[in-house]
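Subject: the structure, and what turned up in it

Hi,

Here's the structure I said I'd pass on. Have a look at it first, then read my notes underneath.

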Amino acid sequence: MTALVIRALADESEFALFDSITTLPTSGVGQRMRPFLELAAEGEYRPEWVWIAQRDERVVARAAFSAPHLAEHPWGLDYLDFDTVENGAALLKAAYAALVTPDYHSPIGPRPEYNLLLPPDWRERPDAFAEASARIQAAEKAGLTFHVERLNLRWIPEYGLPPRSTRLAFTPVTDEQVLLDLMVHIVTGSLDAGDQADLRSMSPKEVAAHLMAMVGDMPGGRDRWRLAYNAAGELVGMVMPTRNDRSATTGYIGVDHRHRGHGYAYDLLAEAMHIFAAEGEPLIIDNTDVGNHPMAATFERIGYRVTGRRILMV
């Protein structure tokens, strides 16, 4: 048996070679909404961030990393396919060693995180469970660990627009210091796994500033951000409607921990949906942690539908 040859693509002409692998999942594990070649043609992937493992010139494993346009380094691993767990792990080890150099930097972590896309019922289906488990094993052998499982959520106008809140008053964010102070209270006791991880190494103020900067740098800008006040005039929460490269999305949403328990998240989310609806947005894509039961329940109650799940490994 010839040796395994692992390398990044030489140039864009080799994208078709990356797409030539034959050992692909059949259960929907890892399946993205659009074909790789279509995404690559739009600049989603750079050749130097796309890796293959070949044996006898046949592609037996592949991995593709991506980041928002103009980013210097990849933020996430989107594709991981292989014929054996061992080949997949070997490919990942080589790719991470090459991509995570001393000057590596991304706002979401010290290494690109692996986004493993899954069908909604992947645990109940033996085929999907086996294909997902193999990818988790390969990632673990390459040094990654499980971080969180999330629900992928979708809303379109046909699902129905919820009524706008009558108990909260919303104002645009004109003073970002007010928003920052509020977000310090929001991240305190947050059930979001990302917030919890950040709080282990940063102060609540640092986490809040990081979140504001990350959402603020998204293509949607900051004009849609809203503060929410109750009937007593108290600032109780905020929502950051924005856009990513593909759709409208709720960049961040939160209730001051001193005002939780009143269902305000529903009102905040409804406000974001009305802002998007007024702009004619045909689609909102969001996600929340499986373990964040209150937020998951809010998305379900307001009319979002689960389109899949996603495991993040870091």
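Let's start with a quick one: in which loop is Asp56 found? Asp56 sits in the loop between β2 and β3 (58–66). Before going further, keep in mind that this is a predicted model.

**The β2–β3 loop**

The backbone in this loop is worth a look. Asp56 has a phi near 55°, which is positive even though the residue isn't glycine. Glu57 belongs to the loop between β2 and β3 too, and its phi is near 70°, again a positive value in a residue other than glycine. As for the surface, Asp56 is exposed, with a relative accessible area of 56%. Glu57 is exposed as well, at 72%.

**Salt bridges**

The count of salt bridges comes to 18. A few of them are worth pulling up on screen.

- Arg34 and Glu38 join their side chains in a salt bridge, 2.7 Å from N to O. Arg34 is partly exposed, with 28% relative accessible area, and Glu38 is partly exposed with 38%.
- Glu44 pairs with Arg246, and their closest N and O atoms are 2.6 Å apart. This pair ties together distant parts of the chain, 202 residues apart: Glu44 is in the loop between α2 (36–41) and β2 (50–55), while Arg246 is in the loop between β9 (235–243) and β10 (248–255). Glu44 is buried, with a relative accessible area of 17%, whereas Arg246 counts as partly exposed at 46%.
- Asp256 and Arg258 form a salt bridge at 2.8 Å, N to O. Asp256 is buried, since its relative accessible area is 1% and the cut-off for buried is under 20%. Arg258 is exposed, because its 54% falls over the 50% cut-off.

There is also a network of salt bridges, which links Asp19, Arg62, Asp81 and Arg135.

**A glutamate without a partner**

Now for one that goes the other way. Glu113 lies in strand β5 (residues 113–118). Which side chain of opposite charge is nearest to Glu113, and how far away is it? The nearest is Arg310, at 5.2 Å, and Glu113 is buried yet has no salt bridge. A salt bridge needs the nitrogen and the carboxyl oxygen within 4 Å, so Arg310 at 5.2 Å doesn't qualify.

What does Glu113 touch instead, leaving out residues up to four places away in sequence? Its contacts are Trp75, Gly76, Leu77, Tyr96, Ile108, Leu312, Met313 and Val314.

**The second largest pocket**

The second largest pocket holds about 310 Å³ of space. It is lined by 21 residues, and those closest to its centre are Gly30, Gln31, Arg32, Arg62 and Tyr79. The elements that give two or more residues to this lining are β4 (76–82) and β5. You've met Arg62 already, in the salt-bridge network, and β5 is the strand that Glu113 lies in.

**The annotated stretch**

UniProt has an unreviewed entry here, and it lists residues 186–314 for "domain: N-acetyltransferase". In the model, the chain over residues 186–314 is 36% helix and 28% strand. The end C-alpha atoms of that stretch are 24 Å apart.

**Two more residues to click on**

Pro282 is in the loop between α8 (264–278) and β11 (284–289). Is Pro282 buried or exposed? Pro282 is exposed, with a relative accessible area of 57%. Setting aside neighbours within four places in sequence, Pro282 is in contact with Trp155, Ile156 and Pro157. The C-alpha atoms of Pro282 and Ala248 are separated by 8.5 Å, with their positions 34 residues apart along the chain.

Gln177 lies in helix α5 (residues 176–187). Gln177 counts as partly exposed, at 42% relative accessibility. Its C-alpha atom is separated by 39 Å from that of Ala64, and the two residues are 113 residues apart along the chain.

That's the tour. Shout if you'd like to go through any of it together.

Cheers

Key
Residues are numbered from 1 along each chain as its sequence is written. This is a predicted model: local features need pLDDT of at least 70, side-chain atom pairs count only at pLDDT 80 or more; totals for chains, interfaces and linings use all residues. Side-chain values use heavy atoms; hydrogens and water are left out. Helices (H or I, at least four residues) and strands (E, at least two) are DSSP runs, numbered from the N terminus. Buried means under 20% relative accessible area, exposed over 50%, partly exposed in between (1.4 Å probe, protein chains only). Lys and Arg count as positive and Asp and Glu as negative; His and the chain ends are not counted. Contact means heavy atoms within 4.5 Å. UniProt positions are given in the numbering used here, feature names are shortened, and annotations may be inferred rather than shown by experiment. On a 1 Å grid over the protein atoms alone, a cavity is a set of points where a 1.4 Å probe fits but cannot get out, and a pocket is an open set with protein on both sides within 12 Å along at least five of seven lines; lining residues have an atom within 4 Å of a point. Grid points are joined across faces, edges and corners, and a volume is the space filled by probe spheres set on the points.
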